[in-house]
Amino acid sequence: ADFRRAVRRETIFVRKNGVVTANLALPTDRPLPSDIDALLMAEGYFFCGIKPTPAGGWELRYTNLLYQPFDFDRIQLFSADAIALRDYVKALAEKAGE
């Protein structure tokens, strides 16, 4: 509950301050709630990747478009794998925006 409240509070803060896309980076070397995806989706965030850190760790990346329109189909991709990943993230974004 505290994690979700903190995410909600920070999301409201950035929205009020003109941010149009909120990115959330969560380190994978710390415990996270077991229902992290559902918690973040309820706040409008969707999973969009895994990124290495300079220190040799990894981060989970989530994005919240903060109700801005975004056309995933305009992203120019040329490989079937990249298109499949785009479609996966697009589906998550649509679900988070419901």
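Colleague: How much area does the protein expose, and what share of it do carbon and sulfur atoms supply?

Modeller: In this model, which is predicted, the protein exposes about 6900 Å², and 57% of that area is supplied by carbon and sulfur atoms. Along its principal axes the C-alpha trace spans about 40 × 35 × 25 Å, and of the 98 residues 29% count as buried.

Colleague: What makes up the secondary structure of the protein, and in which order do the elements run?

Modeller: There are 3 helices and 3 strands, and from the N terminus on they follow one another as α-β-α-β-β-α. The 3 strands form an open sheet in the order 1-3-2, with antiparallel pairing.

Colleague: Why are strand 1 and strand 2 called the edge strands?

Modeller: Strand 1 (22-27) and strand 2 (46-52) each pair on one side only, and they are the edge strands of the sheet. From one strand to the next, the twist averages 25 degrees.

Colleague: How do you know that strand 1 pairs with strand 3?

Modeller: Pairing requires at least two bridges between the strands, and 6 bridges join strand 1 to strand 3 (residues 58-64), so the two count as paired, in antiparallel direction. One of the bridge partnerships sets A22 against N64 in strand 3.

Colleague: Why is the contact of F47 with Y62 called an aromatic pair, and what makes it edge-to-face?

Modeller: The ring centres lie 5.7 Å apart, which is within the 6.5 Å limit, and the planes stand at 75 degrees, which is over 60, so this is an aromatic pair of the edge-to-face kind. Because F47 lies in strand 2 and Y62 in strand 3, the pair ties together parts that are 15 residues apart in sequence.

Colleague: Why is F47 called partly exposed, whereas Y62 is called buried?

Modeller: Buried means under 20% relative accessible area and exposed means over 50%; F47, at 22%, falls in between and therefore counts as partly exposed, whereas Y62, at 3%, is under the lower limit and so counts as buried.

Colleague: How do you know that F70 and F72 also form an edge-to-face pair, and which cluster do they belong to?

Modeller: Their centres are 4.7 Å apart and their planes 75 degrees, so the pair meets the limits of within 6.5 Å and over 60 degrees. F70 and F72 form one aromatic cluster together with F46. F70 has 44% relative accessibility and counts as partly exposed, while F72, with a relative accessible area of 11%, is buried.

Note on methods: Residues numbered from 1 in each chain as written. Predicted model: local features only at pLDDT ≥ 70, side-chain atom pairs only at ≥ 80, totals over all residues. Heavy atoms only, no water. Helix = DSSP H or I, 4+ residues; strand = E, 2+ residues; numbered from the N terminus. Axes fitted to C-alpha atoms, helices over the stretch in contact; angles between N-to-C directions. Phe/Tyr/Trp six-rings, centres within 6.5 Å; stacked < 30°, edge-to-face > 60°. Buried < 20%, exposed > 50% of the residue type's maximum accessible area, 1.4 Å probe, protein only. Areas by Shrake-Rupley, 256 points an atom, 1.4 Å probe, with all protein chains shown as cover.
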